[in-house]
Amino acid sequence: MRSSLIALVFLLLAAGPAPAAKRALFDNAHAETAGNADWIIDDTQPVPSPAQAGIGPATPRTYWLGGLSSWGVDLVKRGYTVATNTGTITYGTAGTYDLSNWDVFIVPEPNTLFSASEVTAILNFVHDGGGLVAVGDHWQSDRNNDGQDSPMIWNAFDPGFLLGVHWGVSGDANNNVTQVWSTNINASPSDLVTHGPEGTVTGLEFHNGTTFTLHPEVNPTVRGEVWMNGGGQGLVNVMAASCTYGAGRVVMAGDSSPIDDGSATPGNTSIFDGWGEAAGSDSVFFLNATLWVTRDSQAPSVSLTSPAGGELWMVGDPHDITWSASDDIAVGSIDLDLSTSGPGGPFDEIAHGLPNTGTYSWNVTGPGSQNAVVRVTAADPTGNNANAAGGVFTIGDVNAVPGGPAAGLSLSAPQPNPGTESTELRFSLPQTGRVRIDIVDTAGRRVWSHAADGRAGPQSWTWSGIGTDGTRAGAGLYLVRLSTPWGERTRSLVWLR
């Protein structure tokens with residue numbers, strides 16, 4: 001019993017601590033339930049009830065009561081902890097709902113102005129790496145009749161376009177538009193808002209919303225995510241946008257109808273299922289957006305699978321470098337590097353900024369080395385990275401220096417030649433190293449191949465006429481090719497059956 005307990009302790013220590021759950025805080029301190037709005041994940045606040053621990057893959061959206069319950073439940077299914085802010089927004093204090101304790105802040109159509117301290121708190125939170133999802137509605141959507149609608153409130157929040165957008169209000173075109181199924185989507189595969197972990201966004205629906213004008217001259221990172229149909233993809237008529245600000249990220253959407261899931265608190269009947277409409281594309285957009293902006297401190301997991309160690313790869317030959325990489329959000333890029341001096345480096349670039357396809361076709365580069373190592377580095381979109389190296393392998397270089405180590409390299413004529421039952425392949429190496437002998441037919445097809453660590457001096461291998469595929473080679477002329485780190489030698493062989 002004691003030995004089993006000790007083994008369990010060591011297993012837990014080896015596994016290390018589990019990554020902390022992502023934390024999403026929804027705001028309900030700015031009249032998000034005014035009028036017919038119901039922009040809450042649950043009517044029990046700040047912690048929704050029943051408990052989040054009871055949510056599983058099949059949990060329905062009606063588990064909580066609120067127009068955003070699906071958003072909250074879907075995030076919990078993806079490993080998040082969610083709660084609702086009901087007080088003054090702060091950053092850098094000791095409070096449980098201070099933004100410093102959260103990874104993403106979601107503000108669904110505010111209907112009262114942010115105070116100056118709240119603006120500072122939110123901007124500092126984002127600047128330091130936090131995420132913000134900012135949702136508004138159309139101009140004149142003042143639900144509590146205080147003279148301020150959500151586009152006006154967001155413009156007052158950021159009058160200098162630090163986040164790169166102006167929300168459409170009085171005097172602006174398309175400040176109250178309906179776009180039933182806009183398919184004018186940012187098509188870039190590298191855009192993780194429209195092409196993210198939840199899938200590809202195929203459209204977004206507005207049932208009265210406002211559009212943005214982008215200001216890249218202030219924030220060069222701002223980009224459109226969705227535009228009105230038929231209007232191109234420029235700086236105007238933007239329905240949804242994103243940007244970075246400092247170390248953090250922001251996604252902004254000009255209508256609250258896509259986040260409504262039709263499961264509001266009892267008594268609210270002015271609802272419909274925007275979250276599930278458009279074949280679920282609205283929810284794909286907002287889940288991708290939440291995942292993309294969420295503060296990310298977890299590095300990817302990565303391993304190199306080839307070259308794993310022990311291979312002989314000749315300079316100029318094509319070989320696939322293969323790897324496996326994953327991340328809690330996404331793997332943004334892959335770098336491949338080569339050391340010819342062993343695992344300690346130095347490393348030189350093979351290729352950088354690759355997509356995470358798991359394979360790269362490399363025409364092997366020199367110099368020749370018996371101590372070569374390939375390293376793969378995976379980075380997520382926020383810059384967290386991890387690397388892994390394969391085992392030591394050999395790079396053979398046929399361009400050996402005359403009078404150098406290749407002077408001790410030789411391949412004798414096969415004996416017997418012609419061969420029938422078997423033939424001896426005799427060769428000599430200047431040093432210990434990884435070598436390979438190929439039997440190649442006149443069409444250039446490799447019939448047989450054998451690689452192993454050879455010793456310095458003369459030695460021999462035997463070929464019995466059986467190909468690598470297990471079949472007996474036919475009669476004809478063949479080429480015997482010896483490949484080594486010091487060069488390549490060839491001989492001809494006649495084979496008789």
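**Cores, strands and a surface patch**

Biologist: Which residues does Phe286 touch, not counting residues up to four places away in sequence?
Modeller: This is a predicted model, where local features need pLDDT of at least 70 and side-chain atom pairs count only at pLDDT 80 or more, while totals for chains, interfaces and linings use all residues. Residues are numbered from 1 along each chain as its sequence is written, and side-chain values use heavy atoms, without hydrogens and water. Contact means heavy atoms within 4.5 Å. By that rule, the partners of Phe286 are Trp71, Val135, Leu204, Ala253, Pro258, Ile259 and Trp275.

Biologist: Which helix gives the most to the largest nonpolar core?
Modeller: A nonpolar core is a set of buried Ala, Val, Leu, Ile, Met, Phe, Trp, Tyr and Cys residues joined through side-chain atoms within 4.5 Å. The largest has 42 residues, and Phe26, Trp71, Leu75, Val82, Phe285 and Phe286 touch the most other members. Helices (H or I, at least four residues) and strands (E, at least two) are DSSP runs, numbered from the N terminus. The top contributor, with 8 residues spanning part of 281-293, is helix H5.

Biologist: Is Leu68 buried or exposed?
Modeller: Leu68 lies in the loop between strand S1 and helix H2. Among its contacts are Phe26, Trp39, Ile40 and Ile259. Buried means under 20% relative accessible area, exposed over 50%, partly exposed in between (1.4 Å probe, protein chains only). Leu68 has a relative accessible area of 0%, so it is buried.

Biologist: How far apart are Leu68 and Ile40 in space?
Modeller: In sequence, Leu68 and Ile40 are 28 residues apart. In space, C-alpha to C-alpha, the distance is 5.3 Å.

Biologist: How many residues of strand S21 are buried?
Modeller: Two strands pair if DSSP finds at least two bridges between them. S21 pairs antiparallel with S18 over 7 bridges, and with S22 over 5. S21 also runs antiparallel to S23, joined by 2 bridges. S21 is mostly covered, and of its 11 residues the buried count is 8.

Biologist: Which residue in S30 stands opposite Leu482?
Modeller: S29 and S30 form a hairpin with 2 residues between them. The two strands run antiparallel, joined by 9 bridges. Opposite Leu482 stands Arg489.

Biologist: What is the relative accessible area of Leu477?
Modeller: Leu477 lies in strand S29. Leu477 is partly exposed, and its relative accessible area is 47%.
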